[in-house]
Amino acid sequence: MVHGGQPLWRKSSRSGNENECVEVSMQRDCVLARDSKTPTQPVVTFSAGVWSEFLDAIRAEVLWSP
């Protein structure tokens, strides 16, 4: 999503008020990710498919953890 020509960044609601998080911006055909501690540094771009696979892997790990 874009607001005022800039990516609209969001972070997990589980991160609370911490400033050490990964922020993401959902775009039309990709997902942008950045470190909230250094928001002016270059971002990492993922295709929508790769991002979906990443989230699936995290969910599987969280559900599997003893």
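**Exercise 1. Locate S36, decide whether the residue is buried or exposed, and find what its side chain reaches.**

Solution. S36 sits in the loop that links strand 4 to strand 5, where strands are DSSP runs of E with at least two residues, helices are runs of H or I with at least four, and both are numbered from the N terminus. The model is a predicted one, in which local features need pLDDT of at least 70 and side-chain atom pairs count only at pLDDT 80 or more, while totals for chains, interfaces and linings use all residues. Residues are numbered from 1 along each chain as its sequence is written, and side-chain values use heavy atoms, with hydrogens and water left out. The relative accessibility of S36 is 6%, so the residue counts as buried (under 20% relative accessible area; exposed is over 50%, partly exposed lies in between, with a 1.4 Å probe and protein chains only). Its side chain reaches the backbone nitrogen of C21 at 2.8 Å.

**Exercise 2. Place S25 and list the polar partners of its side chain.**

Solution. S25 belongs to strand 3 and is buried, with a relative accessible area of 0%. Its side chain reaches the backbone oxygen of L8 at 3.2 Å. A polar contact of 2.6 Å also joins the side chains of S25 and Q27; such a contact is a pair of N or O atoms within 3.5 Å, where within protein one must be able to donate a hydrogen and the other to accept it, and residues adjacent in sequence count only if both atoms are side-chain atoms.

**Exercise 3. Work out the strand order of the open sheet and explain why strand 3 and strand 5 are edge strands.**

Solution. The three strands are arranged in the order 3-4-5 with antiparallel pairing, pairing being assigned if DSSP finds at least two bridges between two strands. Strand 3 (22-26) and strand 5 (44-47) each have a single partner strand, so one side of each is left without a neighbour in the sheet. From one strand to the next the twist averages 25 degrees. Strand 4 (residues 30-35) pairs with strand 5 over four bridges, and C30 has S47 in strand 5 as its bridge partner.

**Exercise 4. Describe how helix 1 is placed against the sheet strands.**

Solution. The chain follows the pattern β-β-β-β-β-α along the sequence. Helix 1 (residues 48-64) lies across strand 3, strand 4 and strand 5, and runs at about 90 degrees to strand 5; axes are lines fitted to C-alpha atoms, for helices over the stretch in contact (heavy atoms within 4.5 Å), and angles run from 0 to 180 degrees between N-to-C directions.
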